[in-house]
Amino acid sequence: MVFEVVAAEPSDIPAIASMHIAAFKGDPIMGQLMPKASYQDQYDYFANFYRKHFAEKQLTGSVFHKVIETETGKLVGLAKWKYAYSLTPEQQAEKKKLDTKRTYPEGTNVALYEHIFGELDNLRKKNCDEYKDYCKPPSRHRFAMAPANCYTVLHILIIDPAYQRKGLGTMLIRESLAAADRDNARAYVEASPKGLGLYKKYGWKECDEIVVDMRHHGGTRVCSGMCLMREPGASKRS
């Protein structure tokens, strides 16, 4: 099979939503967010989630890349990178319209959902300032770049479970890491234990940890994930 990285578009949202559900189904934390929600309700929720993110990218300069299987055109992976941005008052008003209160499908573990993403937001704010210190996105010159010690954030990385272990994660991050190096930018990511190997292979180092006691949310054990930062120019391990 031959694969290619190209820009993701809003027309990809149905495939992205389905892939998102499949990719996180077995995750010990993320897979427990909607334990009793129907597939259709989950699909509708994540389709709306990605519609919002694609709508915001016109304002914020986020970049979406997808991996496709060249022969069939099937979407099998997605990455979203977040960068610095500044908005006019009119753009701020437009973004505020998009920032509607989250409505969860029936069967969502709301307490767990809000706990996890609240903690992730706090850790991101602790480790980098996403509204001031991100580097510019490639070829987006209207966005300001900090002169040194700036950041980019790998916000989303998903691979279709049927296509994992084929180097697709590497394909999705390699170009953006090269751009970060050219901009002298650090790169931040949050990772499950399953993803640590890929990130460490490309120079990320652990900088913080999120610990979730699933026993408080209907589970049976304590689970954890890592926050990682990659310094500009960090070389890929051989």
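Start by selecting helix 1, residues 13-24, in this predicted model. Its buried residues are Ile-13, Ile-16, Ala-17, Met-19, His-20 and Ile-21. Now pick the C-alpha atoms at the two ends: with 12 residues, helix 1 reaches 16 Å from the first to the last, close to the 16 Å expected at 1.5 Å a residue.

**Next stop: the aromatic rings**

Show the aromatic side chains. The structure holds 10 aromatic pairs. Select Tyr-45 and Tyr-104 to begin with: their ring centres are 6.4 Å apart and their planes meet at 20°, so this pair is stacked. That angle falls under the 30 degrees that marks a stacked pair. Where in the chain do Tyr-45 and Tyr-104 sit? Tyr-45 belongs to helix 2 (residues 39-60), while Tyr-104 lies in the loop between helix 3 (89-98) and helix 4 (110-127). With their positions 59 residues apart, the pair links distant parts of the chain. Both Tyr-45 and Tyr-104 are buried.

Now move to Tyr-113 and Phe-117 for another geometry. This aromatic pair is tilted, at 4.9 Å centre to centre with 35° between the planes. The two residues are both in helix 4 and four residues apart, so about one helical turn separates Tyr-113 from Phe-117. Is Tyr-113 buried or exposed? Tyr-113 has 3% relative accessibility, and because the cut-off for burial is 20%, Tyr-113 counts as buried. Phe-117, by contrast, is partly exposed, with a relative accessible area of 27%.

Keep those four residues on screen and add Phe-46, Phe-49 and Tyr-50: together with Tyr-45, Tyr-104, Tyr-113 and Phe-117 they form one aromatic cluster.

**Along helix 4**

Widen the selection to the whole of helix 4. It has 18 residues and spans 26 Å from first C-alpha to last, close to the 26 Å expected at 1.5 Å a residue. Which residues of helix 4 are buried? They are Leu-112, Tyr-113, Ile-116, Leu-120, Leu-123, Arg-124 and Asn-127. Look down the axis: these residues cover an arc of only 115°, which puts them on the same side of helix 4. As background, an α-helix has 3.6 residues a turn, so residues three or four places apart point the same way. Then rotate to the face turned away from the buried side of helix 4, where you will find the exposed residues Lys-125 and Lys-126.

**Just before helix 4: Thr-108**

Select Thr-108, in the loop between helix 3 and helix 4. At 13% relative accessibility, Thr-108 counts as buried. Its side chain reaches the backbone oxygen of Pro-105 at 2.8 Å. Leaving out residues up to four places away in sequence, Thr-108 touches Leu-33, Met-34 and Tyr-113. Add Gln-32 and draw a C-alpha to C-alpha distance: Thr-108 and Gln-32 are 8.5 Å apart in space, though 76 residues apart in sequence.

**Last stop: Arg-230**

Finish in strand 7 (residues 222-230), where Arg-230 is found. Arg-230 is buried, with a relative accessible area of 4%. Which side chain does Arg-230 meet in a polar contact of 2.8 Å? The partner is the side chain of Asp-181. To see the surroundings, display the residues in contact with Arg-230 beyond its neighbours within four places in sequence: Leu-177, Asp-181, Ala-185, Arg-186, Ala-187, Tyr-202, Gly-203 and Trp-204.

Notes:
Residues are numbered from 1 along each chain as its sequence is written. This is a predicted model: local features need pLDDT of at least 70, side-chain atom pairs count only at pLDDT 80 or more; totals for chains, interfaces and linings use all residues. Side-chain values use heavy atoms; hydrogens and water are left out. Rings of Phe, Tyr and Trp (its six-membered ring) pair if their centres lie within 6.5 Å; planes under 30 degrees apart count as stacked, over 60 as edge-to-face and the rest as tilted. Buried means under 20% relative accessible area, exposed over 50%, partly exposed in between (1.4 Å probe, protein chains only). The expected span of a helix is 1.5 Å times one less than its number of residues. A polar contact is a pair of N or O atoms within 3.5 Å; within protein, one must be able to donate a hydrogen and the other to accept it, and residues adjacent in sequence count only if both atoms are side-chain atoms. Contact means heavy atoms within 4.5 Å. The arc is that of the directions from the helix axis to the C-beta atoms.
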